[in-house]
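Notebook open, coffee ready. Today I'm looking at what sits around the ligand, then at one helix and one loop residue.

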Amino acid sequence: MRKPIIGGNWKMNRGTPIETKEMLEKFIPLVVGIDTVDIVIAAPFTALITAYEILKNTNIKLGAQNMYFEDKGAFTGEISPEFLKEIGVEYIILGHSERRDIFKETDALINKKLKKALSTDLKPIVCIGEHLEEREMGKTKEIIEHQINETFKDISKEAMIKIIIAYEPIWAIGTGKTATPEQAEEIHIFIRSLLSKKFDEETADLIRIQYGGSIKPNNAEDLFNKENIDGGLVGGASLESDSLTHIIKAADKSIKTG
Ligand code: PEP
């Protein structure tokens with residue numbers, strides 16, 4: 001049985017110490033005691049120390065949204081995984097489509113970051129997904145296969161089971177257009193079959209695959225009820241404690257009802 005994981009990706013929408021404290025102090029009591037779901041808040045760098053102090057004795061883990069693949073050096077503006085680790089960050093989002101599209105991150109760069117995250121003992125959440133034009137041209141599976149092969153190049157089976165994959169169709173991110181549970185499940189099954197070929201069936205069965213793309217309180221339950229959807233990466237709806245809690249409770253319910 002895979003434990004669902006819900007990650008709240010605040011992006012650059014909430015990141016001052018004051019707003020971080022305000023949100024988290026409302027959120028913590030709403031999810032207290034939920035241990036069937038891994039809960040992660042991926043906050044901007046400026047919020048991490050504040051967030052860690054507030055979250056450290058709770059069931060909510062801290063994540064960051066990006067890192068560089070070196071520990072130290074002349075890399076102005078970049079963030080070292082060692083720095084993140086030292087301030088209590090446990091999870092790291094890599095390869096988000098906004099990093100790929102706006103900041104031109106390639107699969108090769110993401111692969112380097114991934115290896116560094118693993119060697120720093122950060123838990124990677126690696127995003128993959130197709131653009132709308134690619135889906136419309138029937139290329140979704142080809143794109144996903146390419147991203148899996150390149151992003152996870154030279155990753156061992158032992159390392160792979162520590163990685164969380166987030167399938168995020170880019171046309172569904174921040175657009176209000178969610179993939180239907182059936183569309184998402186089809187790709188999650190496909191991803192698992194690729195992992196099974198690349199590693200083996202047992203490994204493929206252990207890897208958690210989140211869905212991401214306009215998850216909201218009103219669609220979360222149907223998505224999480226699908227067998228191969230192991231929770232979600234949530235952008236917009238993670239900014240408010242009530243909506244994020246509703247989504248976490250939907251993941252919790254999907255476990256209890258099987
Ligand atoms: C995301 O940022 O990964 C995301 C899925 O955003 P949203 O939920 O807003 O579509």
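**Ligand, helix, loop**

Note to self before I start: this is a predicted model.

*Entry 1, the ligand.* I looked up who surrounds the ligand and got 14 residues, with Lys11, Glu168, Gly174, Ser214 and Gly235 coming nearest. Sorted by class, that shell has four nonpolar, eight polar and two charged residues. Next I checked polar contacts to ligand oxygen atoms. A polar backbone atom of Gly235 is 2.8 Å from one, and a backbone N or O atom of Gly236 lies 2.9 Å from one. With Asn9 the side chain does the job: an N or O atom there is 3.3 Å from a ligand oxygen. How much of the ligand does the protein bury? Taken alone, the ligand exposes 290 Å², and the protein buries 98% of that.

*Entry 2, helix α2.* This one covers residues 48-55, and I found Leu48, Thr50, Ala51 and Leu55 buried. Looking down the axis of α2, I see these buried residues within an arc of 160°, so they line one face of the helix. What do they pack against? My list says α1 (17-31), β3 (60-64) and α3 (81-86).

*Entry 3, Gln65.* I found Gln65 in the loop between β3 and α3. Buried or exposed? Its relative accessibility is 18%, and the cut-off for buried is under 20%, so Gln65 counts as buried. A polar atom of its side chain lies 3.0 Å from the backbone oxygen of Lys11. For the backbone oxygen of Ala42, I noted 3.1 Å to a polar side-chain atom of Gln65. Leaving out residues up to four places away in sequence, Gln65 touches several others, including Asn9, Trp10, Pro44 and Ile93.

Conventions
Residues numbered from 1 in each chain as written. Predicted model: local features only at pLDDT ≥ 70, side-chain atom pairs only at ≥ 80, totals over all residues. Heavy atoms only, no water. Near = heavy atom within 4 Å. Polar contact = N/O pair within 3.5 Å; in protein donor to acceptor, adjacent residues only side chain to side chain. Areas by Shrake-Rupley, 256 points an atom, 1.4 Å probe, with all protein chains shown as cover. Nonpolar A, V, L, I, M, F, W, Y, C, P; charged D, E, K, R; others polar. Buried < 20%, exposed > 50% of the residue type's maximum accessible area, 1.4 Å probe, protein only. Helix = DSSP H or I, 4+ residues; strand = E, 2+ residues; numbered from the N terminus. Arc of directions from axis to C-beta. Contact = heavy atoms within 4.5 Å.
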